[in-house]
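Reader: Could you take me through one part of this model up close? I'd like to hear about the place where the two domains meet, and what each side brings to it.

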Amino acid sequence: MGESILLIEDEQELCTILTKRLNKQGYVVETAADGVIGYKKAVGSPFDLIILDITLPQRNGFDVCRDLRQAGLATPILVLTARTQIADKVVSLKLGADDYVTKPFSAAELMARIEALLRRPPLQTSQTLHEFGGLRVDLRRMEVKLNGELVRLSAREFQLLRYLIERPGVAVSRTELLRSVWGYGEDSFTRTVDVHIASLRRKIENDPVSPKMIVTIPGMGYRFDGK
Ligand code: CA
């Protein structure tokens, strides 16, 4: 049996087209036409992926996404945003979405994103408390402590740390971080990432000069090596 996808989208026509296309690719599709039903279905039975529209009746996609993550659901979420709402992408990634596609999108683009999300190693989002030596990160409370002392991170630093922690031992490129943590396109200034990493290291590494947790991959990006 194919992988299952929950499609939360209120535009009937788009819903029908996408369902047909996804079925053709071998996916089993369940649909929901508003945020309330979508949330219920998402927590009610296991799906391999959730496609979530932002503008929905009853409850918008942002709220649904945030509540699903707060409920501990680790299923990948692909958000559908309107072309003009750049802020939507950033907000949805902050609320725990894994990727986004901007409307109008081609079926091929959507399929590629779905494939990528389904093929990548499972996230550890169900685990909310992480401890690495003296560093303690509570994702649910958004609280970080180093050797028992509260560490004050900016929202962006926290998102960055979270992204790396959830992919332990995996080399993550600057481009991926810009896209996933900032919601920026490929042509953005990758130095932004380095500046935030440096600031993060000063706050969470016992010795920021020779970091043991956030390791640099020369010419590529970073890897979280905390144990
Ligand atoms: Ca809509």
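Author: Here's a walk through the interface between the two domains, with most of the time spent on the domain 1 side.

Keep in mind that this is a predicted model. The domain assignment splits the chain into domain 1, residues 4–119, and domain 2, residues 129–224. Their C-alpha centres sit 27 Å apart. As for who takes part in the contact, domain 1 puts in 7 residues and domain 2 puts in 7 residues.

Now for the area. Between them, domain 1 and domain 2 bury about 760 Å², and carbon and sulfur atoms account for 38% of that. On the domain 1 side, the residues that lose the most area to domain 2 are L93, K94 and Y100, which together make up 52% of what that side buries.

If you're hunting for specific polar pairings, the tally is quick: the rule finds 0 salt bridges across the interface of domain 1 and domain 2. It also finds 0 residue pairs in polar contact there, counting pairs with both residues at pLDDT 80 or more.

So which elements does the domain 1 side draw on? Helix α4 (86–94) and strand β5 (99–103) each supply at least two of the residues that touch domain 2. Of the elements on that side, α4 gives the most, with 3 residues. Sorted by class, the domain 1 residues touching domain 2 come out as 3 nonpolar, 1 polar and 3 charged.

Notes. Residues numbered from 1 in each chain as written. Predicted model: local features only at pLDDT ≥ 70, side-chain atom pairs only at ≥ 80, totals over all residues. Heavy atoms only, no water. Domains from an automatic or database assignment. Contact = heavy atoms within 4.5 Å. Buried area = accessible area lost by both parts, 1.4 Å probe. Salt bridge = Lys/Arg side-chain N within 4 Å of Asp/Glu carboxyl O. Polar contact = N/O pair within 3.5 Å; in protein donor to acceptor, adjacent residues only side chain to side chain. Helix = DSSP H or I, 4+ residues; strand = E, 2+ residues; numbered from the N terminus. Nonpolar A, V, L, I, M, F, W, Y, C, P; charged D, E, K, R; others polar.
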